[in-house]
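This report looks at how two protein chains are built and how they meet. Please have the sequence and the structure open while reading.

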Amino acid sequence: MTETLNTYRGGPDEDGHFGLFGGRYVAETLMPLLRQVEASYDEAKNDPAFQAEFDDLLKHYVGRPSPLYFASRITEHCGGAKIYFKRDELNHTGAHKINNTLGQVLLARRMGKTRIIAETGAGQHGVATATVCALFGLPCVVYMGAIDIERQAPNVFRMKLLGAEVVPVETGSFTLKDAMNGALRDWVANVDDTFYVIGTVAGPHPYPAMVRDFQCVIGNEAREQIMEAEGRLPDTLVACIGGGSNAMGLFHPFLDDDGIQIVGVEAAGDGIETGRHAASLAAGRPGVLHGNRTYLLQDDDGQIIEAHSISAGLDYPGIGPEHAWLNDIGRVEYESVTDTEALDAFQLCSRLEGIIPALEPSHALAHVLKIAPDLGPDHIIVMNMCGRGDKDVFSAAAALGVSL
Amino acid sequence: MSRLQARFEALKSEGRGGLVTFVTAGDPTFDVSSELLAGLPGAGADIIELGMPFTDPMADGPSIELASGRALAGGQEMSKTLAMVTTFRQVDADTPIVLMGYYNPIYNYGLEEFARDAAGAGVDGLIIVDLPPEEEDEFSVFSKAAGIDIVRLIAPTSTDDRIGTLVENASGFLYYVSVRGITGTRSATADEIAQNVARIRKQTDLPVAVGFGIRTPEQAAEVATVSDAAVVGSAIVEHVAAGLDGNGKPSAGLVSDTLAFVSDLSAAVRNARRDVAP
């Protein structure tokens with residue numbers, strides 16, 4: 001179903017709903033705190049001084065704007081559409097995650113919070129949080145699934161180097177969703193002094209909207225840059241989706257532009273048909289987890305099913321509630337890409353462009369490689385290269401049968 | 001009069017606070033859990049909280065999370081949890097049962113269907129940890145029609161304004177979460193609890209039960225003197241865990257040992273004199 005709205009950018013409503021999705025499904029202990037975060041964020045976003053400090057740090061500390069790069073050799077390889085990469089992998093810490101952690105930690109300081117906690121999957125959000133905490137001298141505790149700690153060892157070391165404490169989570173499936181449970185439990189127990197920096201456009205209201213707003217710098221820059229490069233807006237946007245923050249950051253500023261095709265790419269793991277995947281839109285159904293209603297991988301009894309993806313950053317059984325809504329109203333298309341397809345794209349990009357992408361945007365690239373050949377040379381694709389692949393060399397080597 | 005109302009009236013006339021016991025449905029197996037459930041009233045439980053297992057129990061500590069895991073590994077499902085209540089009701093018409101858990105398994109079951117089937121099984125109330133009043137309307141329309149109370153949680157972080165919102169449309173009783181944190185970890189002092197219960201009573205005539213962090217008969221007795229009931233969960237569930245052998249199989253003494261602990265809790269609560277009038 002597709003409905004026509006004046007704007008796709010007006011959500012959420014005052015209780016944090018995007019249509020059926022979103023909301024605030026949390027234990028009562030957290031409700032007063034969420035209201036505080038919401039009130040403080042509303043105030044901060046209307047405060048020019050807050051925005052100015054955020055912008056200044058994005059420029060001088062993170063290194064924004066990130067370039068919009070015409071990937072000529074991949075374009076040539078595909079022989080169809082013109083392919084641009086929004087190079088958020090060039091940000092300080094190597095991914096888009098720091099746009100958000102910077103914003104949230106600035107907010108935490110404004111609220112007088114003295115301790116920061118975060119969850120992490122691939123470790124990129126944990127590193128980005130630990131980095132900003134080091135910058136401001138704040139203690140930082142990062143919850144991380146024990147399996148992810150194993151497959152993302154370089155990031156674990158980086159977080160520790162940055163002064164963060166990394167707490168292994170050994171419940172459930174030992175991955176991102178369990179890390180989120182761990183962080184929520186910490187928060188419930190330490191509500192007075194602690195701020196929870198959520199890494200994606202999920203969780204209870206106001207997080208999905210707040211994280212989106214901080215990430216919108218990606219799409220806002222991309223608009224200006226493509227106008228400069230091509231004199232017009234792109235035809236297609238592509239980004240990978242775990243929780244969906246890099247995608248939302250790129251997509252949101254374009255949602256109201258008629259005629260721009262927007263595609264989110266979920267992780268199909270071993271293939272949707274095998275049941276071992278992380279494609280909650282393709283194979284899940286609406287449910288409630290981690291404070292919001294969204295599409296979830298769940299069994300017949302409403303128990304959450306473990307997600308599977310070669311990419312730790314996409315290995316989550318849910319998706320941000322705004323994506324769930326954009327899916328249902330038909331404004332954004334959601335596709336999926338398998339581990340194998342992502343690994344192929346990972347290698348191709350390394351060889352053709354001299355860019356080793358993270359396994360997460362390798363999924364987005366794999367989809368671009370599928371569609372670009374059938375499109376004409378006037379068709380412009382902008383893909384979010386949201387992270388670099390240094391962190392993935394060990395797991396990619398293992399998957400490719402290379403011992404290091 | 002509902003079973004919950006009748007039970008709190010009876011406690012009042014006995015001049016004591018009640019004991020609310022929590023066990024997870026299906027932990028460690030459907031059969032052992034059913035046997036345990038059947039034995040709770042005889043051991044002195046005034047009200048039974050029956051946990052609906054969930055893979056991601058975010059507000060619970062390790063003891064109850066492990067209990068959920070054991071139940072799910074043993075094949076527990078929502079329909080089996082309701083079947084346990086149906087069986088229990090065939091022999092006990094008076095002890096109130098409150099199901100406690102998370103929203104997703106209920107949402108997944110179907111809101112109208114769940115309210116209907118839970119009421120049909122003999123469930124009296126529901127505690128849905130992650131369903132605040134702001135999100136509750138879509139479900140409470142059905143639970144009300146089915147005559148099931150939604151028991152609201154009140155936290156130490158709840159302001160007086162917030163307590164006002166929480167007691168509005170509440171029924172059955174209120175559940176004061178006495179600590180900032182997850183189940184079974186820290187404990188609050190009796191003074192703190194008494195002050196907060198008084199703060200809640202200013203805004204409602206509903207009974208107030210207190211839980212989270214109550215681990216011993218002495219603590220239960222103390223809490224029962226300053227509130228309408230003490231809830232003990234993790235400590236009971238840990239007795240279930242202690243009754244498993246090295247292979248995770250229930251030992252012969254699991255049910256009797258767990259019920260013996262419930263009897264100790266009950267004796268302490270029954271002997272405690274109320275020093276604060278409700």
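Buried area is the accessible area, found with a 1.4 Å probe, that two parts lose on being put together, summed over both. The model described here is predicted. Between chain B and chain A, the buried area is about 3,000 Å². Carbon and sulfur atoms give 47% of that area. Chain B brings 37 residues to the contact, and chain A brings 39 residues.

How many salt bridges does the rule find across the interface of chain B and chain A? There are six. A salt bridge between side chains joins Glu28(A) to Arg162(B), with 2.6 Å from N to O.

**Nonpolar cores**

The largest nonpolar core consists of 119 residues. Leu107(A), Trp187(A), Phe195(A), Tyr196(A), Tyr207(A), Leu250(A) and Tyr175(B) have the most contacts inside this core. Helix 8 of chain A, residues 176-189, supplies the largest share of the core, with seven residues. Leaving aside residues up to four places away in sequence, Tyr196(A) touches nine residues by name: Gln104(A), Ile117(A), Ala118(A), Glu119(A), Met180(A), Ala183(A), Leu184(A), Trp187(A) and Tyr207(A). Another core lies apart from the largest one and has 66 residues, including Tyr107(B), Leu166(B), Val255(B) and Val269(B).

**Strands of chain A**

Strands of a sheet pair through backbone hydrogen bonds, and the pairing is either parallel or antiparallel. The table lists three pairs from chain A.

| Strands (chain A) | Sense | Bridges | Facing residues |
|---|---|---|---|
| Strand 2 (21-25) and strand 12 (291-296) | antiparallel | two | Gly22(A) and Arg293(A) |
| Strand 3 (68-70) and strand 4 (82-86) | antiparallel | three | Phe70(A) and Tyr84(A) |
| Strand 4 (82-86) and strand 14 (380-384) | parallel | five | Lys86(A) and Asn384(A) |

Strand 2 and strand 12 belong to an open sheet of four strands in chain A, with the order 1-2-12-11 and antiparallel pairing. Which strands form the edges? They are strand 1 (17-18) and strand 11 (285-289) of chain A, each of which pairs on one side only. Helix 13 of chain A, residues 321-329, lies across strand 1, strand 2 and strand 12 of chain A. This helix runs at about 45° to strand 12 of chain A.

Strand 4 of chain A appears in two rows of the table, pairing with strand 3 and with strand 14. Is strand 4 of chain A mostly covered or mostly exposed? Strand 4 is mostly covered, with four of its five residues buried.

Note on methods. Residues are numbered from 1 along each chain as its sequence is written. Chains are lettered from A and ligands numbered from 1 in the order in which they are written. This is a predicted model: local features need pLDDT of at least 70, side-chain atom pairs count only at pLDDT 80 or more; totals for chains, interfaces and linings use all residues. Side-chain values use heavy atoms; hydrogens and water are left out. A nonpolar core is a set of buried Ala, Val, Leu, Ile, Met, Phe, Trp, Tyr and Cys residues joined through side-chain atoms within 4.5 Å. Buried means under 20% relative accessible area, exposed over 50%, partly exposed in between (1.4 Å probe, protein chains only). Contact means heavy atoms within 4.5 Å. Two strands pair if DSSP finds at least two bridges between them. Axes are lines fitted to C-alpha atoms, for helices over the stretch in contact, and angles run from 0 to 180 degrees between N-to-C directions. A salt bridge is a side-chain nitrogen of Lys or Arg within 4 Å of a carboxyl oxygen of Asp or Glu.
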